[in-house]
Amino acid sequence: MPADPLAPLLELPGVREAVVGARASIDTLLGNRLLRRRSAEVTAESALRGARASAQLEGAGIELERLRGQLLAGGTVEPHDRDAHTGAVVQAAVRLHAELGQVLDAWRRSPAQALARLHVIAAAGLVDDPDLLGRPRAAGVEPADPLGLGPAPDPLEVSARLEGLSRVLLATRAPAVVVAGVVHGELLALRAFGVADGLVARGAARLVLIERGLDPKAVSAPEVGHVELGEGYVRAARAYVGGGPQGVAVWLVHCAEAIGLGALEGRAVCEALARETPRATA
């Protein structure tokens, strides 16, 4: 039997311990009694908080209650500064998180096709030419680089690495935390589509956690964890792109910590709902 392509990553410094810690945090969240009756509400709230955090990582910040109020009112998302692009990014993040479940089956069969679908969802409204949706960027196209990762790989390398990533996803049985980290890091590094790549990367990482059974109902919010780690997200992403095995270890440990913090955010959601209706956890 061929060796698991991601198994060696568990032996990198600090990775195995970080993965165990993240798993324990998620397990604690999943044991919350409120989830027996109100998991759908927790999923919806965690998706909203995760979408807001993912947009913030793209440089598009908005207050949670302001975002919630605008969505409930059915209006256009408008941050305080009324920056149209910022509003469009937030809207894209919300849309992507709301529709992740519709991509799950495709993700299991063909990760490459699922990634294209994620980009169609995320980048609608962010690109002028609809023919660019779901298509890897062409030669000569300069991708957005909100994290300052430096020059992106050329389209030929992008194509080869995406194909390799798809093969790895279909073959590996590594822990979900490791797989999600690799998917997230690779998509950030490749900037395969040129627009909304960060949103797609974080959406795909969340899909991994769902599909591989770590957080099957998506009640955690790992994107919030990335935000809470502050500049650590940028530093770890840069380490992944340019730091060899040591950089990969830094990134995977960061991702595991973010997943653990995302589980705490899910617990906070449960506690908030329980305060609204104290009998819900009885």
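How do the residues of the lining of the second largest pocket divide into nonpolar, polar and charged? In this predicted model, the lining of that pocket has seven nonpolar, two polar and three charged residues. The pocket holds about 170 Å³ of space. Its lining consists of H119, V127, L132, R135, P136, R137, A138, V141, E142, F193, G194 and V195.

**Pockets and cavities**

The largest pocket encloses about 270 Å³. Its lining is made up of 20 residues, and E58, A144, P146, A196 and D197 are those nearest its centre. Two elements, α4 (84-99) and α9, each give two or more residues to this lining. By class, the lining of the largest pocket comprises 11 nonpolar, five polar and four charged residues.

Cavities of 30 Å³ or more number two. The table sets out the volumes and lining classes of the pockets and cavities.

| Space | Volume | Lining by class |
|---|---|---|
| Largest pocket | about 270 Å³ | 11 nonpolar, five polar, four charged |
| Second largest pocket | about 170 Å³ | seven nonpolar, two polar, three charged |
| Largest cavity | about 90 Å³ | six nonpolar, three polar, three charged |
| Second largest cavity | about 40 Å³ | four nonpolar, one polar, two charged |

The largest cavity is surrounded by A180, G181, H184, R202, A205, R206, L209, P222, E223, H226, C255 and I259. Four helices each supply two or more of these lining residues: α8 (176-190), α9 (197-211), α10 (222-228) and α12 (244-276). Of the elements, α9 contributes the most to the lining of the largest cavity, with four residues.

The second largest cavity is lined by R206, L209, I210, D215, A218, S220 and P222. Here again α9 contributes the most, with three residues. R206, L209 and P222 appear in the linings of both cavities.

**Backbone at two loop residues**

A218, one of the residues lining the second largest cavity, is found in the loop between α9 and α10. Its phi is positive, about 55 degrees, although A218 is not a glycine. A218 has a relative accessibility of 8% and therefore counts as buried, the cut-off being under 20%.

R191 also has a positive phi without being a glycine, with a value near 45 degrees. This residue belongs to the loop between α8 and α9. The relative accessibility of R191 is 4%, so R191 counts as buried.

**Aromatic contacts**

How many aromatic pairs are there? The count comes to two. In one of them, Y233 and W251 are tilted, with 5.9 Å from centre to centre and 50 degrees between the planes. The angle falls in the tilted class because planes under 30 degrees apart count as stacked and those over 60 as edge-to-face.

Y233 is part of helix α11 (residues 232-242) and W251 is part of helix α12, so the pair ties together parts that are 18 residues apart in sequence. Y233 and W251 are both buried. Together with Y240, these two residues form one aromatic cluster. Helix α12, which holds W251, is also among the elements that give two or more residues to the lining of the largest cavity.

Notes: Residues numbered from 1 in each chain as written. Predicted model: local features only at pLDDT ≥ 70, side-chain atom pairs only at ≥ 80, totals over all residues. Heavy atoms only, no water. 1 Å grid on protein atoms, 1.4 Å probe; cavity = no way out; pocket = protein on both sides within 12 Å on 5 of 7 lines; lining within 4 Å. Points joined across faces, edges and corners; volume = space filled by probe spheres on them. Nonpolar A, V, L, I, M, F, W, Y, C, P; charged D, E, K, R; others polar. Phe/Tyr/Trp six-rings, centres within 6.5 Å; stacked < 30°, edge-to-face > 60°. Buried < 20%, exposed > 50% of the residue type's maximum accessible area, 1.4 Å probe, protein only.
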